[in-house]
Amino acid sequence: MKTAQITGYGTVDVLRVNDVDRPAPGAGEVLVSVEASSVNGHDVLVRAGELKIVSGRRFPIGVGLDFAGVVAATGADVEDYRVGERVWGMVHPRQRHTTGGAAEYVVVPADRIAPAPAGISPVDAASLVVAGATALIALRDTVHVASGERVLVRGAAGGVGTAALQLAHALGCHVTALARDRHAHVLTDLGADEVLDYGSTTSDHIGPFDVIVDTVGSELNCYRSRLTKGGRMVTVGLSAAALAAIAASSVYGSRRIRTFSANPDTAVLRDLADHVTSGALRPVVDSVYPLADIAAAHQSFERGGVVGKHVVAVSA
């Protein structure tokens with residue numbers, strides 16, 4: 001089978017699509033025939049060598065955090081899934097994998113997948129796994145957003161941003177999107193009550209907000225100052241500066257900056273599918289690349305400036 005792997009840490013030049021033996025599921029595991037995977041910030045960080053503490057220094061290393069596909073086989077003690085069932089899920093973000101989601105087949109524990117939402121394509125499903133789960137965990141479980149609150153989504157045009165603004169809108173919040181001005185029409189259609197151009201908008205001229213969802217990872221203290229008393233802020237755009245700001249903010253109690261590593265289990269993925277089925281969450285796909293062109297997908301992701309996700313189509 002074919003799988004995307006990195007042969008060393010570096011630029012997109014280290015990406016290869018290699019032929020390897022198809023894995024077999026062990027006890028409690030499921031073999032998924034992958035139809036699509038998306039490009040996430042985690043994938044780029046692993047490839048660049050910024051997560052060596054997790055991925056180690058043994059190569060090759062598998063690429064792709066999430067996937068949508070069909071159950072091809074099940075191991076012993078797996079009773080909830082049958083061959084041919086459409087599923088979505090992700091590999092564990094804090095483990096090293098020689099085969100990730102960007103492969104023709106992937107083996108994962110059964111508690112890392114769930115039935116994919118009906119009525120959407122594998123490409124659309126793959127675009128929502130990490131982005132949607134991250135947004136759901138951020139809003140529901142980390143900052144406990146409530147109807148009627150004012151929410152700022154910073155980096156609103158990205159995968160997590162488009163999901164977060166849709167979910168916040170569905171939960172009855174007033175949503176302000178901070179993104180490029182040229183994306184205003186799309187973001188308004190997704191549920192933003194107002195769109196501010198990040199190039200001409202500074203933090204001291206906006207707010208206050210009850211909740212800030214940050215996907216950028218810079219100027220966190222500036223934006224934290226725009227929280228209401230008792231306001232909450234969560235960031236998924238991690239950097240050394242961001243980690244320092246998070247640590248320093250811990251003295252502010254409820255106004256501290258929170259972060260987390262999205263690691264959805266079956267329950268979260270089922271809840272996410274319910275939001276898709278209800279129409280509260282729609283896929284936003286910028287571009288689709290064949291598996292052979294995964295390097296181009298990574299390159300486009302790093303350039304930025306798009307709305308939504310880059311998806312790798314593994315099979316038709």
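This is a conversation about how terms are applied to a predicted model.

Modeller: Before we start, residues are numbered from 1 along each chain as its sequence is written, and side-chain values use heavy atoms, with hydrogens and water left out. In this predicted model, local features need pLDDT of at least 70 and side-chain atom pairs count only at pLDDT 80 or more, while totals for chains, interfaces and linings use all residues.

Biologist: Why is L187 called buried?

Modeller: Buried means under 20% relative accessible area, exposed means over 50%, and partly exposed is in between (1.4 Å probe, protein chains only). L187 has a relative accessible area of 0%, so L187 is buried. L187 lies in helix α5, residues 184-190; helices (H or I, at least four residues) and strands (E, at least two) are DSSP runs, numbered from the N terminus.

Biologist: What is L187 in contact with, leaving aside its neighbours within four places in sequence?

Modeller: Contact means heavy atoms within 4.5 Å. The partners of L187 include A156, A157, T162, L165 and V195.

Biologist: Helix α5 also holds D189. What makes D189 and R282 a salt bridge?

Modeller: A salt bridge is a side-chain nitrogen of Lys or Arg within 4 Å of a carboxyl oxygen of Asp or Glu. For D189 and R282 the N to O distance is 3.4 Å, so the pair fits the definition. This pair links distant parts of the chain, 93 residues apart, with R282 in the loop between α8 and β15. R282 has a relative accessible area of 36%, so R282 is partly exposed.

Biologist: How do you know that D19 and K2 form a salt bridge too?

Modeller: Their closest N and O atoms are 3.1 Å apart, so they also meet the cut-off. D19 is in strand β2 and K2 in strand β1, 17 residues apart. D19 counts as exposed because its relative accessibility is 60%, and K2 counts as partly exposed because its value is 38%.

Biologist: How many salt bridges are there in the whole structure?

Modeller: A search finds 11. There is also a network of salt bridges that links R140, D141 and D271.

Biologist: Why are β11 and β14 said to stand at the edges of their sheet?

Modeller: The open sheet has 6 strands in the order β11-β10-β9-β12-β13-β14, with parallel pairing. β11 and β14 each have a single partner strand, so one side of each is left without a neighbour in the sheet.

Biologist: What makes β9 and β10 a pair?

Modeller: Two strands pair if DSSP finds at least two bridges between them. β9 (residues 150-154) and β10 (residues 174-179) have 5 bridges in the parallel sense, so they count as paired. Among those details, the bridge partner of L152 in β10 is T176.

Biologist: What makes a space a cavity and not a pocket?

Modeller: On a 1 Å grid over the protein atoms alone, a cavity is a set of points where a 1.4 Å probe fits but cannot get out. A pocket is an open set with protein on both sides within 12 Å along at least five of seven lines, and lining residues have an atom within 4 Å of a point. A volume is the space filled by probe spheres set on the points, which are joined across faces, edges and corners.

Biologist: Which volume does the largest cavity have, and which residues lie nearest its centre?

Modeller: The largest cavity has a volume of about 160 Å³. H42, V46, I61, G62 and H97 lie nearest its centre, and α1 gives the most to its lining, with 4 residues.
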